[in-house]
Amino acid sequence: MDRCTWVGIDKIYQDYHDMEWGVPEYDSRALWEKLILDGFQAGLSWITILKKRPAFRSAFAGFDPQEIAGWGAAEVEVLLQNRGIVRHRGKIEATISNAQAYLRLAEEMPFSDRMWAYVDGRPIVAGYETLAQVPTQSPLSQKISKDLKAAGFKFCGPTIVYAWMEACGLFNNHILSCHRHHAVTALAR
């Protein structure tokens with residue numbers, strides 16, 4: 001079975017690629033969770049985050065922005081002791097402020113609607129033949145990053161946003177020979 005070449009042989013990576021990566025995500029909370037996890041991934045490998053994702057979900061109250069937005073120093077200290085997650089004070093504190101920013105944006109319109117509006121509601125299908133052709137950021141990821149930062153988000157630079165857009169299906173960057181390329185394309189609304 002042909003897969004994107006970044007996948008490797010680890011079953012958790014293969015399952016993530018085959019069932020989740022690139023599938024268009026339309027749920028606002030799930031989009032936010034994935035953006036937060038991509039922020040935690042900065043400087044690490046994605047498989048590290050995948051392996052810790054259940055612990056992240058437990059530690060961060062199922063990534064409920066309403067609950068996380070009210071957290072403070074005491075919760076940060078508890079999280080810094082949690083060996084199941086990435087214990088980075090800046091990223092933990094950013095998650096709290098990102099929850100607050102998410103809620104402010106949600107007062108205007110659902111986060112999903114806002115993010116999908118950047119691509120006119122349809123995934124951008126790249127059509128790359130090799131991983132070497134896939135960029136790490138784009139003018140669109142730069143714009144979204146800038147807009148998120150203006151709204152108060154942190155750990156959402158253009159490279160993080162680009163990876164998040166790929167993971168959430170706003171970009172379909174499965175290479176053309178990958179068995180998921182056409183399948184994911186067909187999942188768009």
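Mentor: In this predicted model, helices α2 and α6 (89–108) each supply at least two residues of the lining of the largest cavity.

Trainee: What makes a residue part of the lining of the largest cavity?

Mentor: Lining residues have an atom within 4 Å of a cavity point. For the largest cavity, they are L35, I36, G39, F40, K91, A94, T95, N98, K154 and F155. This lining divides into five nonpolar, three polar and two charged residues, and the space inside is about 70 Å³.

Trainee: How many cavities of 30 Å³ or more are there?

Mentor: There are two. The second largest has a volume of about 40 Å³, and its lining includes Y16, K34, W46 and R53. Here α2 provides the largest share, three residues.

Trainee: Why is α2 called mostly covered?

Mentor: A residue is buried when its relative accessible area is under 20%. In α2, 13 of the 14 residues are buried, so the helix is mostly covered by that cut-off.

Trainee: How do you know that the span of α2 is close to the expected one?

Mentor: The expected span is 1.5 Å times one less than the number of residues. For α2 (residues 28–41), with 14 residues, that expectation is 20 Å, and the helix reaches 20 Å from its first C-alpha to its last.

Trainee: What makes the approach of D27 to R29 a polar contact?

Mentor: A polar contact requires N or O atoms within 3.5 Å. A side-chain oxygen of D27 lies 3.3 Å from the backbone nitrogen of R29, so the pair meets that cut-off. D27 thereby caps the N-terminal end of α2.

Terms used. Residues numbered from 1 in each chain as written. Predicted model: local features only at pLDDT ≥ 70, side-chain atom pairs only at ≥ 80, totals over all residues. Heavy atoms only, no water. Helix = DSSP H or I, 4+ residues; strand = E, 2+ residues; numbered from the N terminus. Buried < 20%, exposed > 50% of the residue type's maximum accessible area, 1.4 Å probe, protein only. Polar contact = N/O pair within 3.5 Å; in protein donor to acceptor, adjacent residues only side chain to side chain. 1 Å grid on protein atoms, 1.4 Å probe; cavity = no way out; pocket = protein on both sides within 12 Å on 5 of 7 lines; lining within 4 Å. Points joined across faces, edges and corners; volume = space filled by probe spheres on them. Nonpolar A, V, L, I, M, F, W, Y, C, P; charged D, E, K, R; others polar.
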